[in-house]
Amino acid sequence: MRSRRSVRALFTSAVVALAAAGLTATGLGTAQAAEPSTAAPLPARVFAPYFESWTGESPAALAAQSGAKHLTMAFLQTATAGSCTALWNGNPATPIAASSFGSDIKAIQAAGGDVIPSFGGYTADTTGTEIADSCTDVNQIAAVYEKVITTYDVSRLDMDIEVDSLDNAAGVDRRNKAIKIVQDWAAANGRQVQFSYTLPTTTKGLAASGLAVLKNAVTNGARVDVANIMTFDYYDNATHNMANDTETAAQGLYNQLAKLYPAKTPAQLWGMIGVTEMPGVDDFGPAETFTLANATQVYNWAVAKGINTLSFWALQRDNGSCPGAPAGDSCSSIPQNTWDFTHIFAPFTSGTTTPADDFSLTATPANGSVTAGSSTTSTVKTAVTKGQAKTVALSVSGAPAGVTATLSPASVTAGGSSTLTVNTTAATVSGTYTLNITGTSPSALHSTPYVLTVTGGTPQCTAAPWAKATVYTGGQQVSHKGHTWKAKWWTTGEEPGTTGEWGVWQDLGAC
């Protein structure tokens, strides 16, 4: 997986956790009574694909559009090594606060789903910015976990630990000690909180470093609710049937868990296992390709075994827009329809509720074609499909540079309609774009696409857009800011146009 994740080859003050007193530490070093929780526990079986939170997309909109009711939100990390302040993707502009994804998470919860905030990821785990690697104060680490739980009213946190973080024994110990503090705090405050560990795996189970993380949790009395293995990026130069390898990897994990937790029954052991796939071509290359047929096999196996969590990296990759391309964050690199993998895995979730008051959402027409510099409109209609009419807040996302999309009115009572107006500039890049129209009511959330085709504008770049987390090798081309760039050698994270004449990127000119 990536975190902004690349190839996986291998401002707070001191705080005191006052769980016994029913208090939680905040980022300002003060303590306050824990707020009552309305969070429901996750279903016994849950499909929760990872969502790349740095893309600027709306998690609620993609959840509605794809049918994935639950999302694993990636990632939380510090901005710099040594800090005890966690931020979404280490970005000060997206702190742990209601202003960062708060409305999206509430909308997902209102629709019967939930999110699982995830700490770590490849980037954090290789730069010392995973919170337990970065912060040496166990109480402050626990305070950050508690802050995420109370800010978003969630019932599970995920720890994505790989690469350097696996070998940081001090960080592993601090993390598990902090988890134990939070679990005691949750119990004292009547909260149901779960913790999952997402770990790399071999085709036969966890490597020694991953197993050591779980052993340390047992030593510290930290309960691991889900051991989630990443069944991809094996990098062993072997021939792979990715579905069969998932089954052998999970069986190996089961055998390891049985030794760690000898009092658990077979059903309980399988019930604490999670599996995360990577749709299509993974970072190693075509030799490790997870197909739609593999997905069906894994789904049937997961249901039969009764595992806890089914996931994949990542929701934004569940489309076939780049068949044959190297692995990236925005597509699967194989021919497929958008959301094919999600539709296979979504029925795995059990125990969700159907909204009492529901509505439908449509756009008429559902597509439009304009010449760059002109505008077009569509009527967005809502209708009551169950229960009573509720207020539906409308929003639109996905507009590319040079395109503005507005809805008037921006809120209707279910049964009413709104006008979508799309304006383009003469500089808009020619191409076809999908705008997502989202409607959110107190009890439901739905999304519908509007496909916009722009002609007569700036020529479209044919190379795939540059992605910060993707690894590029010599000769690969990307598009960035209207130009095509060629990598001279291996690179990741270096933005085209910033490396200078002698840098890694060669400017091939405007697209």
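Here are a few worked exercises on the structure above.

The model is predicted, so local features need pLDDT of at least 70 and side-chain atom pairs count only at pLDDT 80 or more, while totals for chains, interfaces and linings use all residues. Residues are numbered from 1 along each chain as its sequence is written, and side-chain values use heavy atoms, with hydrogens and water left out.

**Exercise 1: helix H8**

Work out what span helix H8 (residues 208-219) should have, and set that against its end C-alpha atoms.

Solution.
- Step 1. Helices (H or I, at least four residues) and strands (E, at least two) are DSSP runs, numbered from the N terminus.
- Step 2. The expected span of a helix is 1.5 Å times one less than its number of residues.
- Step 3. H8 has 12 residues, so the span should come to 16 Å; the end C-alpha atoms are 16 Å apart, which agrees.
- Step 4. Now for burial, where buried means under 20% relative accessible area, exposed over 50%, and partly exposed in between (1.4 Å probe, protein chains only). In H8 the buried residues are Gly-210, Leu-211, Val-213, Leu-214, Asn-216 and Ala-217.
- Step 5. For the spacing in that list, recall that an α-helix has 3.6 residues a turn, so residues three or four places apart point the same way.
- Step 6. Among the elements covering these buried residues are helix H7 (169-188), strand S9 (194-200) and helix H9 (242-260).
- Step 7. After H8 comes Gly-221, with a positive phi near 70°.

**Exercise 2: a four-stranded sheet**

Find which strands stand at the edges of the open sheet that holds S15 and S19.

Solution.
- Step 1. Strands of a sheet pair through backbone hydrogen bonds, either parallel or antiparallel. Here two strands pair if DSSP finds at least two bridges between them.
- Step 2. The 4 strands of this open sheet come in the order S15-S17-S21-S19, and the pairing is antiparallel.
- Step 3. Strand S15 (358-364) and strand S19 (403-408) are the edges: each has a single partner strand, so one side of each lacks a neighbour in the sheet.
- Step 4. From one strand to the next, the twist averages 20°.
- Step 5. Zoom in on S19 and strand S21 (residues 417-424), an antiparallel pair joined by 6 bridges. Look for Thr-404, which sits opposite Asn-423 in S21.

**Exercise 3: the cores**

Which residues touch the most other members of the largest nonpolar core?

Solution.
- Step 1. A nonpolar core is a set of buried Ala, Val, Leu, Ile, Met, Phe, Trp, Tyr and Cys residues joined through side-chain atoms within 4.5 Å.
- Step 2. The largest core has 96 residues, and Phe-119 and Tyr-145 are the ones that touch the most other members.
- Step 3. Take Phe-119 and skip its neighbours within four places in sequence: its contacts (heavy atoms within 4.5 Å) include Phe-75, Leu-76, Ile-131, Tyr-145, Val-148 and Met-159.
- Step 4. There's also a second, separate core of 21 residues, with Ala-363, Val-380, Val-403 and Ala-414 among them.

**Exercise 4: the disulfides**

How many disulfides does the structure hold, and what is the handedness of the one between Cys-84 and Cys-135?

Solution.
- Step 1. A disulfide is a covalent bond between the sulfur atoms of two cysteines; the cut-off used here is a pair of cysteine sulfur atoms within 2.5 Å. The structure holds 2.
- Step 2. Cys-84 and Cys-135 are joined with an S to S distance of 2.0 Å. The torsion about their S-S bond is about 85°, so this disulfide is right-handed.
- Step 3. The pair links distant parts of the chain, 51 residues apart: Cys-84 is in the loop between strand S5 (70-78) and strand S6 (86-88), and Cys-135 is in the loop between helix H4 (131-134) and helix H5 (138-152).
- Step 4. Cys-84 is buried at 13% relative accessible area, and Cys-135 is buried at 0%.
- Step 5. In the disulfide of Cys-322 and Cys-331, the sulfur atoms are 1.8 Å apart. Its torsion is about 105°, so it is right-handed.

**Exercise 5: backbone oddities**

Asn-237 has a positive phi although it is not a glycine; is Asn-237 buried or exposed?

Solution.
- Step 1. The phi of Asn-237 is about 55°, and Asn-237 lies in the loop between S10 and H9.
- Step 2. Asn-237 counts as exposed, because its relative accessibility is 66%.
- Step 3. Compare Ser-333, also not a glycine, with a positive phi of about 70°. Ser-333 is buried, at 4% relative accessible area.

How values were computed. Axes fitted to C-alpha atoms, helices over the stretch in contact; angles between N-to-C directions.
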